[in-house]
Amino acid sequence: GLTVTTLAANTAGNVELYAEEDIQVGSISAAAGNVMIDTDGAIDGITNDDTADLSGANVTLTANAGGIGATDRLEITATGTLAADTSDDNGLIQIDSIGAVALGLIDAGSGNVNLDSTGAITDGNGATNNVVAATLTITGDQAVTDIDTNVDTLALTTAATSINENDGVDFAASKIGRAHV
């Protein structure tokens with residue numbers, strides 16, 4: 001696999017990384033630019049230390065086999081939107097957002113999504129789905145506002161929450177400050 005310990009773009013630069021193998025990320029920063037990673041393998045963090053492994057305006061991740069953050073959660077700061085796709089193999093997506101995050105499409109197919117955030121979670125793509133998964137687990141006791149989902153099961157530990165589900169949903173053990181589902 002490919003291990004990226006440190007990669008930083010200048011203030012306006014973008015980071016685009018394409019690989020045919022698994023990628024482990026220590027620190028990739030695009031400052032005000034975008035980060036895009038597309039791999040035939042998995043994308044994982046190296047350490048779980050509450051410091052962003054990836055940071056940029058818009059962060060877009062595609063892992064075609066092995067998931068995103070499946071072995072070591074990926075810690076991300078996205079000042080624009082966050083999008084992640086493992087739908088080719090229905091891989092697990094595990095992301096810790098350092099700060100607030102606006103969700104583009106997080107698509108695990110029939111896999112699961114685990115999202116933890118130290119800031120609010122909001123809709124970053126309008127009326128289009130924000131999360132497609134079998135089970136969506138959100139933790140961090142933060143507000144979740146107007147996200148659109150197509151999931152079978154929700155497990156939430158959140159503050160005030162507003163989720164628009166496209167079909168029926170089951171609730172796993174959840175603790176919600178105030179909910180509108």
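## A walk through an all-strand model

Take the contacts between residues at least 6 apart in sequence: 24% of them join residues at least 24 apart. Keep in mind that this is a predicted model. As for secondary structure, the protein has 19 strands and zero helices.

Let's start with the overall form. The C-alpha trace spans about 40 × 30 × 30 Å along its principal axes. For 181 residues, a compact globule would come out with a radius of gyration near 16 Å, and the protein has 15 Å, so the two agree. Of those 181 residues, 46% count as buried. On the outside, about 7,500 Å² is exposed, and carbon and sulfur atoms supply 46% of that area.

Now for the inside. In soluble globular proteins, nonpolar side chains tend to be buried together. Here the largest nonpolar core holds 40 residues, and the ones with the most contacts inside it are Ile28, Ile37, Leu54, Leu61, Ile76, Leu82 and Leu103. The largest share of this core comes from strand E17 (residues 144-165), which puts in six residues.

Pick Ile76 from that list and look around it. Leaving aside residues up to four places away in sequence, Ile76 touches Ala52, Leu54, Val59, Leu61, Leu82, Ile95, Asp96, Ser97 and Ile98. One of those neighbors, Ser97, stands opposite Ile76 and belongs to strand E12. That pair is part of the pairing between strand E10 (residues 74-78) and E12, which run parallel and are joined by three bridges.

E12 itself deserves a closer look. In a regular strand the side chains alternate between the two faces of the sheet. So what covers the two sides of E12, and which residues are buried there? Ile93, Ile95 and Ser97 are on one side, Gln94 and Asp96 are on the other, and all are buried, so both faces are covered. Put as a count, five of the five residues in E12 (residues 93-97) are buried. Moving on along the chain, E12 also runs parallel to strand E14 (residues 113-117), with five bridges joining them. Within that pairing, Asp96 stands opposite Asp116 in E14.

Asp96 has a charged partner too. The structure holds one salt bridge, and Arg73 forms it with Asp96, with the closest N and O atoms 3.1 Å apart. Arg73 sits in the loop between strand E9 (59-63) and E10, while Asp96 is in strand E12, so the pair ties together parts that are 23 residues apart in sequence. How covered are the two ends? Asp96 counts as buried because its relative accessibility is 8%, whereas Arg73, at 23%, counts as partly exposed.

Finally, back to E17, the strand with the largest share of the core. Strand E15 (residues 121-123) pairs with E17 in the parallel sense over two bridges, and Ile121 stands opposite Val144 there. Strand E16 (residues 131-139) also runs parallel to E17, this time with seven bridges; Leu136 has Leu154 as its bridge partner in E17. Strand E18 (residues 170-171) pairs with E17 in the parallel sense over two bridges, and Thr153 finds its partner in Asp170 of E18.

One more residue in E17 is worth finding on screen: Ala155. Its relative accessibility is 14%, so Ala155 counts as buried. Ala155 and Ile138 are 17 residues apart in sequence, yet their C-alpha atoms are 6.5 Å apart in space.

Technical notes. Residues are numbered from 1 along each chain as its sequence is written. This is a predicted model: local features need pLDDT of at least 70, side-chain atom pairs count only at pLDDT 80 or more; totals for chains, interfaces and linings use all residues. Side-chain values use heavy atoms; hydrogens and water are left out. A nonpolar core is a set of buried Ala, Val, Leu, Ile, Met, Phe, Trp, Tyr and Cys residues joined through side-chain atoms within 4.5 Å. Buried means under 20% relative accessible area, exposed over 50%, partly exposed in between (1.4 Å probe, protein chains only). Helices (H or I, at least four residues) and strands (E, at least two) are DSSP runs, numbered from the N terminus. Contact means heavy atoms within 4.5 Å. The radius of gyration is taken over C-alpha atoms; the globule rule is 2.2 Å times the number of residues to the power 0.38. Accessible areas come from the Shrake-Rupley method with a 1.4 Å probe; for residues, only the protein chains shown count as cover. Two strands pair if DSSP finds at least two bridges between them. A salt bridge is a side-chain nitrogen of Lys or Arg within 4 Å of a carboxyl oxygen of Asp or Glu.
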